[in-house]
Amino acid sequence: MANPDPRLRNAMGQVLLACAPGLLTLLWLYGWGMLLSLALCAATALCCEAALLGLRREPVAATLNDASALVTVVLLAIALPTEAPWWVPVTATAIAIGLGKHAFGGVGRNLFNPAMVGYAFVLLSFPLQMNHWPGQQTGLIDSLHLVFGGGEQIDAWASPTVLDGLRHNRSLTIDELFASHPGFGVFGGRGSEWVNLAFLLGGLFLLQRKVYSWHAPVGLLTALFLFSLLAWNGSGSDSNGSPLLHLFCGSTMVAAFFIATEPVSGPKASLARLLFGLGAGALIYLIRAWGSYPDGTAFAILLMNLATPALERFASQRQQATP
């Protein structure tokens, strides 16, 4: 295999740079746990990439230099609970690199978003460890014990997310939830409001740099906003939350600007990208409101990856039909 395309390396570098505000916000919120998760994902990705490239008789150093594995690492570290037991990020990364990427032939050939393949695998396999986040920043010693000691005390310190609180609410109004539930902040999830704003800033940077087009992010955010607006019934106890809450909780901005825009597993035509984003946004809301998981980003993206060939054909037919 030849050296990696400089354009790919440049694009991956800009994506990593755009992730910096969100990563710094997560580090501010969760501290050592975030660093440990990032280190475990990075070490696992490096080992898996090197081993699989060696088995395929491809130049290891040159191929690793494209930085695509590092982008997968960062997306996984963002998505995974920061102080889950060590085997959760290791398993997620190994599945993402091995099954999500190299099983299809390596970089540029994956049919599914590799990070979402790894995330969905551990979400289905380890639901207890995946559905809770730390309620506050913990020290280095406590983080090391929780990560490498098996996470036996996870229920004692973990806090359900705002989407968990919304899903399991039976009697409190939305206003009462915001006033009493530890997961709720000012208008979205506590802490996740700032995380989403930081990733929104990074996403706008990528749009300004024309790393990708606006179609998928705008489609996803538009569909999520419209579906949550149409289903919103105010502050009642059976409410699914306001559009603003859904835009600034969970992984919304990461999904819109860093996951739905993945160029290999997503469509190429502009119309197809827009439809991809619209479908992903609708599925995210439907899974959040009525599915079995609080945040449906991984499943929404993977389902839309399956629909990509059909979206490409539809866009091509529309283009040919246009006089």
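Entry 1. Terms and model.

I take helices as DSSP runs of H or I with at least four residues, numbered from the N terminus. With that convention I place phenylalanine 112 in the loop between H5 and helix H6 (114-125). I note at the outset that this is a predicted model.

Entry 2. The chain as a whole.

I looked up the secondary structure and found 17 helices and 2 strands in the chain. I then checked burial: 52% of the 323 residues count as buried. For the accessible surface of the chain I recorded about 14,500 Å², with 66% of it belonging to carbon and sulfur atoms. I also examined contacts with a separation of 6 or more, and 76% of them are accounted for by residues 24 or more positions apart.

Entry 3. Helix H4.

I asked how the span of H4 compares with the one expected at 1.5 Å a residue. The helix covers residues 68-79, and its 12 residues reach 17 Å from first C-alpha to last, close to the expected 16 Å. I next counted its buried residues and obtained 10 of 12, so H4 is largely enclosed by the rest of the structure. I listed the buried residues as Ser68, Ala69, Val71, Thr72, Val73, Val74, Leu75, Leu76, Ala77 and Ile78.

Entry 4. Threonine 93 and the packing of H2 on H5.

I located threonine 93 in helix H5 (residues 87-101). Is this threonine 93 buried or exposed? Its relative accessible area is 0%, so I enter threonine 93 as buried, the limit being under 20%. Setting aside residues up to four places away in sequence, I found threonine 93 touching Cys41, Thr44, Ala45 and Leu76. Leu76 is among the buried residues of H4.

I then turned to helix H2 (residues 32-55), which packs with H5 at an angle of about 35°, the axes being 8 Å apart. I recorded the crossing of H2 past H5 as right-handed. On the H2 side, the contact is made by Ser37, Leu40, Cys41, Thr44, Ala45, Cys48, Glu49 and Leu52. On the H5 side, I listed Pro89, Val90, Thr93, Ala94, Ile97, Gly98 and Lys101.

Entry 5. Aromatic pairs.

I searched for aromatic pairs, and the structure holds 4 of them. I first examined phenylalanine 104 and phenylalanine 112, whose ring centres are 6.1 Å apart with the planes at 55°, so I class the pair as tilted. Phenylalanine 104 is partly exposed, at a relative accessible area of 31%.

I next examined phenylalanine 199 and phenylalanine 258. Their ring centres are 5.6 Å apart and their planes stand at 75°, so this pair is edge-to-face. The pair links distant parts of the chain, 59 residues apart: phenylalanine 199 belongs to helix H12 (residues 192-208) and phenylalanine 258 to helix H15 (residues 252-259). I checked the burial of both partners. Phenylalanine 199 is buried at a relative accessible area of 0%, and phenylalanine 258 counts as buried at 7%.

Entry 6. Surroundings of phenylalanine 112.

Which residues does phenylalanine 112 contact, leaving aside neighbours within four places in sequence? I found Gly100, Phe104, Val117, Ser265, Leu302, Asn305 and Leu306. I also looked up valine 264, which is 152 residues from phenylalanine 112 along the chain, and the C-alpha atoms of the two are separated by 8.2 Å.

Entry 7. Serine 143.

I located serine 143 in helix H8 (residues 140-148). Serine 143 counts as buried, with 0% relative accessibility. I computed its C-alpha to C-alpha distance to glycine 33 as 5.7 Å, although the two are 110 residues apart in sequence.

Entry 8. Lysine 210.

I looked up lysine 210 in the loop between H12 and helix H13 (215-231). Its phi is near 60°, a positive value in a residue other than glycine. I enter lysine 210 as exposed, with a relative accessible area of 72%.

Entry 9. Leucine 224.

I then followed the chain into helix H13, where leucine 224 lies. At 1% relative accessibility, leucine 224 counts as buried. Which residues does leucine 224 touch, not counting those up to four places away in sequence? I recorded His246, Leu247, Thr252, Gly281, Ile284, Tyr285 and Arg288. For isoleucine 284, 60 residues from leucine 224 along the chain, I noted a C-alpha separation of 7.2 Å.

Technical notes
Residues numbered from 1 in each chain as written. Predicted model: local features only at pLDDT ≥ 70, side-chain atom pairs only at ≥ 80, totals over all residues. Heavy atoms only, no water. Buried < 20%, exposed > 50% of the residue type's maximum accessible area, 1.4 Å probe, protein only. Contact = heavy atoms within 4.5 Å. Areas by Shrake-Rupley, 256 points an atom, 1.4 Å probe, with all protein chains shown as cover. Expected span 1.5 Å × (residues − 1). Phe/Tyr/Trp six-rings, centres within 6.5 Å; stacked < 30°, edge-to-face > 60°. Axes fitted to C-alpha atoms, helices over the stretch in contact; angles between N-to-C directions. Left-handed = near helix turned anticlockwise from the far one by under 90°.
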